[in-house]
Amino acid sequence: MRYPNSPMPRRGFFAAGGAAVLTLALAACGSSDPAPSSAGQSAKSWSFVDDRKETVTAAAVPSRIVAFTGTAAALVDYGLQDKIVGVFGETKRADGSPEPQAGDLDVNKVTILGNVWGEFNIEKYAALRPDLLVTHMYDPGALWYVPDESKDKIVKLAPTVAVSVARVPMTEPIERYAALAESLGADLGAPKVTEAKARFEAAAESVRKAVADNPGIKVLAASGSPDVLYVSNPEVNTDLMYFAQLGVEIVKPDKPGDGGYYENLSWENADKYDADLILLDNRSTALQPKDLTSKPSWAKLPAVKAGQIIGWDPVPRFSYAGAAPILEGLATAIRNAEKLG
């Protein structure tokens with residue numbers, strides 16, 4: 001699965017000069033696969049059943065974790081900053097500031113293996129001596145932001161865990177990452193964690209109340225590119241699915257493409273769906289409102305004219321701390337929106 005505005009995968013970072021280093025690393029790590037364990041986590045062994053239904057094992061609880069940046073940030077929310085040694089995916093902006101998905105992750109204390117789609121420096125990964133790689137899974141068996149062309153080399157270097165973040169409501173990956181974090185040593189009873197969960201639950205209730213107090217607000221989730229407006233599907237996208245469960249009326253596209261994630265609309269057809277409120281992809285890879293002023297069809301949309309647009313991250317941080325502000329912002333937007341149709 002590839003979200004809109006993610007560039008096509010680039011050629012791998014594996015260069016001829018690093019071939020010997022990687023070959024040695026593969027030999028060293030690949031020849032000592034973790035022994036299977038049926039005992040679950042103990043003082044000397046670790047196991048976790050991921051969403052591929054694979055039992056991932058290690059001789060000890062992993063302490064050197066490499067993860068997709070948003071995944072790493074979720075684990076940090078559960079207190080595991082010291083175990084994150086490397087990340088991949090958009091992490092730093094051009095000015096050096098953290099990308100929003102980095103959350104509270106200290107981006108200056110981790111090795112960045114790739115900062116855009118398709119980048120994953122295998123030599124740096126091997127040098128980190130990872131004992132676990134963690135990332136999202138949108139489609140069965142696919143490791144999010146792990147390049148397909150180098151996946152076979154990467155997965156030989158350490159066990160991998162994949163957590164499903166599509167076709168299930170957002171609460172499921174949040175709970176799965178919490179369970180993974182606990183298996184890795186996190187204390188889910190820590191005040192920071194319990195307070196974040198309470199805030200999340202209160203935020204969810206605020207969305208329900210906003211919908212009840214201001215019924216009939218139609219919400220469209222979209223992402224802009226130079227040639228296409230992508231309209232996301234609440235039956236596949238995990239956060240939109242959860243918003244719908246809370247009572248939000250999310251526009252469902254008629255003709256979603258491969259995987260069912262979104263429908264591609266030419267800008268001439270950008271007004272295909274009526275909406276009172278637009279959730280607009282706020283990632284640096286997508287066009288922002290200031291970039292869309294040159295699109296006449298965008299400027300004519302009722303929600304745009306009314307200023308009823310809020311930022312939306314299609315790949316949210318799957319933790320209570322990461323999701324609570326999203327729900328709070330949605331509740332406020334719905335509460336303040338005017339019916340335009």
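This tour moves through a predicted model of one protein, selection by selection.

**The whole chain**

Begin with the full protein displayed as a cartoon. The protein contains 10 helices and 13 strands. Of its 341 residues, 54% are buried. Among contacts with a separation of 6 or more, 72% join residues 24 or more positions apart.

**Helix α6**

Next, select residues 191–213, which form helix α6. The 23 residues of α6 should span 33 Å at 1.5 Å a residue, and this agrees with the 32 Å between its end C-alpha atoms. Now show the side chains of V193, A196, F200, A203, A204, S206, V207, A210 and V211, which are the buried residues of α6. Which helices do these buried residues pack against? Their partners are α2 (69–77), α5 (171–183), α7 (238–245) and α10.

**The pair α6 and α10**

Keep α6 on display and add residues 320–336, helix α10. The two axes come within 8 Å and cross at roughly 20 degrees. An angle under 35 degrees counts as roughly parallel, and α6 and α10 are therefore roughly parallel to each other. Their crossing is left-handed.

To inspect the contact itself, select on the α6 side A196, K197, R199, F200, A203, A204, S206, V207, A210 and V211. On the α10 side, they meet Y320, A321, A323, A324, P325, L327, E328, L330, A331, I334 and R335. Colouring by class shows 16 nonpolar, 1 polar and 4 charged residues in this contact.

**Helix α5 and the loop before it**

Move to residues 171–183, helix α5, one of the helices against which the buried residues of α6 pack. Helix α5 has 13 residues and reaches 18 Å from its first C-alpha to its last, close to the 18 Å expected. Its buried residues are T171, P173, I174, Y177, A178, L180, A181 and S183. Helix α5 is followed by G185, a residue with a positive phi, near 110 degrees.

Then select R167, in the loop between β7 (160–164) and α5. Most residues other than glycine have a negative phi. In R167, which is not glycine, phi is positive, near 65 degrees. Is R167 buried, partly exposed or exposed? R167 is partly exposed, with a relative accessible area of 38%.

**A second positive phi: Y145**

Select Y145, located in the loop between β6 (132–137) and α4 (151–155). Although Y145 is not a glycine, its phi is positive, about 70 degrees. Y145 is buried, and its relative accessible area is 6%.

**Helix α7 and a residue beside α10**

Select residues 238–245, helix α7. Why may α7 be called largely enclosed by the rest of the structure? The reason is that 6 of its 8 residues are buried. These buried residues are T238, D239, L240, M241, Y242 and F243. Helix α7 is followed by G247, with a positive phi near 105 degrees.

For the final selection, keep D239 visible and add V315, which lies in the loop between β13 (309–312) and α10. V315 is buried, with a relative accessible area of 4%. Although V315 and D239 are 76 residues apart along the chain, their C-alpha atoms are separated by 8.6 Å. Drawing a distance line between these two C-alpha atoms completes the tour.

Technical notes:
Residues are numbered from 1 along each chain as its sequence is written. This is a predicted model: local features need pLDDT of at least 70, side-chain atom pairs count only at pLDDT 80 or more; totals for chains, interfaces and linings use all residues. Side-chain values use heavy atoms; hydrogens and water are left out. Axes are lines fitted to C-alpha atoms, for helices over the stretch in contact, and angles run from 0 to 180 degrees between N-to-C directions. Helices (H or I, at least four residues) and strands (E, at least two) are DSSP runs, numbered from the N terminus. Angles under 35 degrees count as roughly parallel, over 145 as roughly antiparallel, 65 to 115 as roughly perpendicular and the rest as oblique. A crossing is left-handed if the near helix is turned anticlockwise from the far one by less than a right angle, and right-handed if clockwise. Contact means heavy atoms within 4.5 Å. Ala, Val, Leu, Ile, Met, Phe, Trp, Tyr, Cys and Pro count as nonpolar, Asp, Glu, Lys and Arg as charged, and the others, Gly among them, as polar. The expected span of a helix is 1.5 Å times one less than its number of residues. Buried means under 20% relative accessible area, exposed over 50%, partly exposed in between (1.4 Å probe, protein chains only).
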